[in-house]
Structure formats: structure tokens, C-alpha cells
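User: I would like to go through this structure with you and hear the reasoning behind each term you use. Please set the values against the cut-offs as you go.

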Amino acid sequence: MKTIFQTFGFVIASLFVVTCATKAVTVASAETAPTKEFVKANFTEDQLAQGKTHFENNCAQCHKLFDPNSRNAEKWNNVLKRMLPKTDLRYEDGRLVQAYLVANSE
Ligand code: HEC
């Protein structure tokens, strides 16, 4: 009987660890590689408008402003990994630029 409880306890503990680990990964990737659905569900109109302003003020220093609609969400997420570090934007403001571009992506 004791072993059954031990096994049961182990299974519960493992499930708990797996669930928490999966959740952490999902949150992290939703933040750094959000989908259009994620952005629309988690950012306000006001935040997207701020993202647009930061985009216009920071992303045309070296080249023209690229149309948000010129790329899909996945492409923007990849490009931004290279472009955001080139700007002086703070981390949170960079996430707003990303949200604006993904929300208006192809
Ligand atoms: C310090 C200069 C600089 C800043 C600031 C900058 N970029 Fe760029 N960007 C470049 C250069 C250089 C290239 C071409 C080389 C490359 O693709 O890495 C480029 C290329 C691009 C491309 C085309 C690349 C592709 O693979 O499709 C996009 C889109 C882009 N930038 C978007 C942005 C956005 C959005 C921002 C603001 C967050 C930004 N850039 C800020 C220098 C800059």
C-alpha cells in the first residue's frame, strides 16, 4: 500500500513540475514571439498607439519605415530580434513596437 501512495505522489509531483515548466515557456515565447491573437488579447489600443509612435520615432533613423503589413508576425519577430537592439528603446517600449507591428502585420 505504501508503494502505491509513493508512486501516486511521485506522479502528482511530476505532473506539477511539467505543468509549471510548460507554462513558463509559453509565457516567455508569447512575450518575445507573440502571435497576432496574443497581441490583440493582451495589449490595449492605447499601448498599440504608443508602439506606433515609438516605431515612427526610432525605426527610421537608418532606413525608411517598413510597412507593418509588409511582413507576417513571424518575420517581424525575427527582424525585431536584430533591429530592437539597434535602437535606444527601453525593453518595455520595444515590446510595444513589436505588439504594434504584429497587430498590423500581413
Ligand atoms: C542603427 C540603424 C538601424 C536602426 C535604428 C534600425 N534598423 Fe532596421 N536595418 C538596419 C540595417 C543596416 C538593415 C539591413 C541589414 C539587415 O537586414 O540586418 C536593416 C534592415 C531592416 C529590415 C529588413 C530586414 C529583413 O530581413 O527583412 C527591417 C524590416 C527593419 N530593418 C526594421 C527595423 C525596425 C522595425 C526598426 C526599429 C525597431 C529598425 N529597423 C531600426 C539598420 C537599422
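Analyst: This is a predicted model, and I would begin with A99, which, leaving aside its neighbours within four places in sequence, is in contact with P34, V39, F43, Q47, L48 and G51.

User: What makes A99 and L48 a contact, and which other residues does L48 touch?

Analyst: Two residues are in contact if their C-beta atoms lie within 7 Å, and A99 and L48 are such a pair. Not counting residues up to four places away in sequence, L48 also touches F43, Y100 and A103. L48 itself lies in helix α3, and its C-alpha atom is 8.0 Å from that of A103, although the two are 55 residues apart in sequence.

User: Why is L48 called partly exposed?

Analyst: L48 has 19 other C-beta atoms within 10 Å, whereas a buried residue needs 20 or more and an exposed one has 12 or fewer, so L48 falls in between and counts as partly exposed.

User: What makes E45 exposed?

Analyst: E45, which is also found in helix α3, has 8 other C-beta atoms within 10 Å; since the limit for an exposed residue is 12 or fewer, E45 is exposed. Its C-alpha atom is separated by 9.3 Å from that of Y100, 55 residues apart along the chain.

User: How do you know that E37 counts as exposed, and in which helix does E37 lie?

Analyst: E37 lies in helix α2 and has 11 C-beta neighbours inside 10 Å, which is why it counts as exposed under a limit of 12 or fewer. The C-alpha atoms of E37 and V102, 65 residues apart along the chain, are separated by 9.3 Å.

User: Why does A33 count as partly exposed?

Analyst: A33, in the loop between α1 and α2, has 17 C-beta neighbours inside 10 Å, a value between the limits of 12 and 20, so A33 counts as partly exposed. The C-alpha atoms of A33 and N77 are separated by 5.5 Å, with their positions 44 residues apart along the chain.

User: Which residues have the most contacts inside the largest nonpolar core, and which element gives the most to this core?

Analyst: The largest nonpolar core has 15 residues, and those with the most contacts inside it are A99, Y100, L101 and V102. The elements that give two or more residues to this core are α4 and α5, and α5 gives the most, with seven residues. As a general tendency, nonpolar side chains in soluble globular proteins are buried together.

User: Why do you say that the buried residues of α4 line one face of the helix?

Analyst: The buried residues in α4 are A73, W76, L80 and M83. Seen down the axis of α4, they fall within an arc of 85°, so they line one face of the helix. N78, K81 and R82, on the other side of α4, are exposed, while the buried residues of α4 pack against α2 (36-42) and α5 (91-103).

User: What does α4 give to the shell around the ligand, and which residues come nearest?

Analyst: Helix α4 (residues 73-83) gives the most to this shell, with three residues. Of the 13 residues around the ligand, C59, C62, F66, M83 and K86 come nearest. The shell divides into seven nonpolar, four polar and two charged residues.

User: How many helices and strands does the chain have, and how much of the chain counts as buried?

Analyst: The secondary structure comes to five helices and zero strands, and 20% of the 106 residues count as buried. Among the contacts with a separation of 6 or more, 87% are accounted for by residues 24 or more positions apart.

User: Which elements have the lowest and the highest mean pLDDT?

Analyst: Helix α1 (residues 2-32) has the lowest mean pLDDT among the elements, at 62, and helix α3 (residues 45-58) the highest, at 98. The mean pLDDT of the chain is 86, and 74% of its residues reach 70 or more.

Technical notes
Residues are numbered from 1 along each chain as its sequence is written. This is a predicted model: local features need pLDDT of at least 70, side-chain atom pairs count only at pLDDT 80 or more; totals for chains, interfaces and linings use all residues. A residue is near a molecule or strand if its C-beta atom, placed from the backbone, lies within 6 Å of it. Helices (H or I, at least four residues) and strands (E, at least two) are DSSP runs, numbered from the N terminus. Ala, Val, Leu, Ile, Met, Phe, Trp, Tyr, Cys and Pro count as nonpolar, Asp, Glu, Lys and Arg as charged, and the others, Gly among them, as polar. The arc is that of the directions from the helix axis to the C-beta atoms. A nonpolar core is a set of buried Ala, Val, Leu, Ile, Met, Phe, Trp, Tyr and Cys residues joined through C-beta atoms within 7 Å. pLDDT is the predictor's confidence in each residue, from 0 to 100.
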